[in-house]
Amino acid sequence: MRVQSDKPAKSGGWLHSQRDRQCLLPPVSRPAAPPRHQPPTINAVKLMREWAAATTATALTDFATALGVSTTSLVAVGAAWAAPRAAWAFPMCDGYGNIVGIRLRNERGKFAVRGSKQGIFLADVPAQKTLFVCEGPTDTAAAVGARPVCCGSPELLLRWAGHQGLRPAS
């Protein structure tokens, strides 16, 4: 009210429009937002290759028996024993089939390798006309005997299906 304008106030002082008010105020300097913590990036393809190469047929067979699925179905979903993590590893893919993360599973639970991106679980099976969507990688392995399957994000699934030339049923 102490800065003169062309509109005097009845109670003394001066009136200003909102636009004028912005010009009269000193600029507010806001502290920069702290940088978001970025998890370390991982080379998921390299890790899965190393772990798959070190996975024994006996370990795979024992895991398949424990789950009640075939060893072939575990191979189809890319299961591998991740010895440094004491867990079974499953590759997570983006909407184009590229490995972008790794889901781990052991007696304590299910979790992802730090730096992984969320993705879908795809089974490497011959092309079929029917696509089944399952809840997780071991459900995907259980369904492999029936048809091609996957699970995960609907958006990534639709992108992958489109990339494969598949269309949703009407």
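Okay, so R103: in β4, its bridge partner is A112. And on the β2 side, R103 has F90 standing opposite. Keep in mind that this is a predicted model.

Let's build outwards from there. β3 covers residues 99-106 and runs antiparallel to β2, residues 87-93, with six bridges joining them. With β4, residues 109-112, β3 is again antiparallel, and here we have four bridges. As a quick reminder, strands of a sheet pair through backbone hydrogen bonds, either parallel or antiparallel.

How do the strands connect? β3 and β4 make a hairpin with two residues between them. β2 and β3 make a hairpin too, with five residues in between. If you like looking at Ramachandran plots, check G97 in that turn: its phi is positive, about 90 degrees.

On to β1. It pairs with β2 in the antiparallel sense, over three bridges, and A82 stands opposite A87 in β2.

So what's the strand order of the whole sheet? It's β1-β2-β3-β4, an open sheet of four strands with antiparallel pairing. The edges are β1, residues 80-82, and β4, each pairing on one side only. On average, neighbouring strands are turned by 40 degrees against each other, ignoring direction.

Now the helices. α2, residues 44-54, packs on the sheet and touches β1, β2 and β3. Its direction makes about 45 degrees with that of β3. Then there's α3, residues 57-67, which also packs on the sheet, touching β2 and β3. For α3, the angle is about 85 degrees, taken against the direction of β2.

Definitions and conventions
Residues numbered from 1 in each chain as written. Predicted model: local features only at pLDDT ≥ 70, side-chain atom pairs only at ≥ 80, totals over all residues. Heavy atoms only, no water. Pairing = 2+ DSSP bridges. Axes fitted to C-alpha atoms, helices over the stretch in contact; angles between N-to-C directions. Contact = heavy atoms within 4.5 Å.
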